[in-house]
Amino acid sequence: MKIRPAPSAPLRFRSLEIGKSLTAEKTIAAPTLVFGPRDTVYLSVATEGVSQGNRGGARFIYQTGQRVFESTQPVMAIGPTRTEFHIWRDAGWPLGRYRVDVFIDSVPAGGQEYVVEKD
């Protein structure tokens, strides 16, 4: 009798956090939705399931609809895991509203709005 491995659940989005710094476990140290022009914006994306070559991504968009930055990377997961994305701008961020959208294999998974205000 052959023993078959239990079927694995496909990779799926659980949640996202946004803030100014990360912990060693890739969680956000102090979640916030308000940033200063010179802050680095960190995103921690929680997934669960088993990655089978999946790619996670984050797209940062300014209030005008202008794409500020987009990044993708492989998600290496067997069970719950976190993937980190971050952006900064040497010249500082324009004040205003932003949105970050996350996706798995180009399929939208979640999003969060945040704001850049004067220090």
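Mentor: Let's start with a cut-off: a residue is called buried when its relative accessible area is under 20%, exposed when that value is over 50%, and partly exposed in between. Keep in mind that what we're looking at is a predicted model.

Trainee: Okay, so what makes Y98 count as buried?

Mentor: Y98 has 4% relative accessibility. Buried means under 20%, so Y98 gets the label buried.

Trainee: And how do you know that W93 is buried?

Mentor: Go through the steps again: W93 has a relative accessible area of 8%, and the limit is under 20%. W93 is therefore buried.

Trainee: What makes D101 buried, then?

Mentor: D101 comes in at 19%. The rule asks for under 20%, so D101 counts as buried. You'll find D101 in strand β7, residues 96–104.

Trainee: Which residues does D101 touch, leaving out those up to four places away in sequence?

Mentor: D101 touches G57, A58, R59, I61, G110 and G111.

Trainee: What makes the link between the side chains of D101 and R99 a polar contact?

Mentor: The distance is 2.7 Å. A polar contact needs N or O atoms within 3.5 Å, with one able to donate a hydrogen and the other to accept it, and the pair of D101 and R99 counts as one.

Trainee: Let's do rings. How many aromatic pairs are there?

Mentor: The count is four. Y62 and Y98 form a tilted pair, 4.9 Å centre to centre with 55° between the planes.

Trainee: Why is the pair of Y62 and Y98 called tilted?

Mentor: Ring centres must lie within 6.5 Å, and planes under 30 degrees apart are stacked, over 60 edge-to-face, the rest tilted. With 4.9 Å and 55°, Y62 and Y98 are a tilted pair. Y62 sits in strand β4 (residues 55–62) and Y98 in β7, so this pair ties together parts 36 residues apart in sequence. Y62 and Y98 are both buried, too.

Trainee: And why is the pair of W93 and Y98 given the name it has?

Mentor: Their planes meet at 75° and their centres are 6.1 Å apart, so the pair is edge-to-face; the cut-off for that name is over 60 degrees. Ring pairs also join F35, Y62, W93, Y98 and Y114 into a cluster.

Trainee: On to sheets. What makes β1 and β6 edge strands?

Mentor: There's an open sheet of three strands, ordered β1-β3-β6, with antiparallel pairing. β1 (12–19) and β6 (81–87) each have a single partner strand, so one side of each has no neighbour in the sheet. From one strand to the next, the twist averages 20°.

Trainee: How do you know that β1 and β3 pair?

Mentor: Two strands pair if there are at least two bridges between them. β1 and β3 (residues 41–48) have seven, in the antiparallel sense, and F13 has T47 in β3 as its bridge partner. β3 and β6 are joined by seven bridges as well, with T47 partnered by T81 in β6.

Trainee: What do the side chains do along β6?

Mentor: They alternate: T81, T83, F85 and I87 point to one face and are buried, while R82, E84 and H86 point to the other and are not. In a regular strand, side chains do alternate between the two faces of the sheet.

Trainee: How do you know that β2 and β8 pair?

Mentor: They share two bridges, in the parallel sense, and at least two is the requirement. V34 stands opposite V115 in β8. These strands belong to an open sheet of five, ordered β2-β8-β7-β4-β5, with mixed pairing.

Trainee: Last one, the loop between β7 and β8. What is said of the phi of D105?

Mentor: D105 has a positive phi of about 50° although it isn't a glycine. Most residues other than glycine have a negative phi. S106 has a positive phi as well, about 70°. Both D105 and S106 are in that loop.

Trainee: And what makes D105 partly exposed?

Mentor: Its 37% falls between the two cut-offs of 20% and 50%. S106, at 66%, counts as exposed, as that label needs over 50%.

Note on methods: Residues numbered from 1 in each chain as written. Predicted model: local features only at pLDDT ≥ 70, side-chain atom pairs only at ≥ 80, totals over all residues. Heavy atoms only, no water. Helix = DSSP H or I, 4+ residues; strand = E, 2+ residues; numbered from the N terminus. Buried < 20%, exposed > 50% of the residue type's maximum accessible area, 1.4 Å probe, protein only. Contact = heavy atoms within 4.5 Å. Phe/Tyr/Trp six-rings, centres within 6.5 Å; stacked < 30°, edge-to-face > 60°. Axes fitted to C-alpha atoms, helices over the stretch in contact; angles between N-to-C directions.
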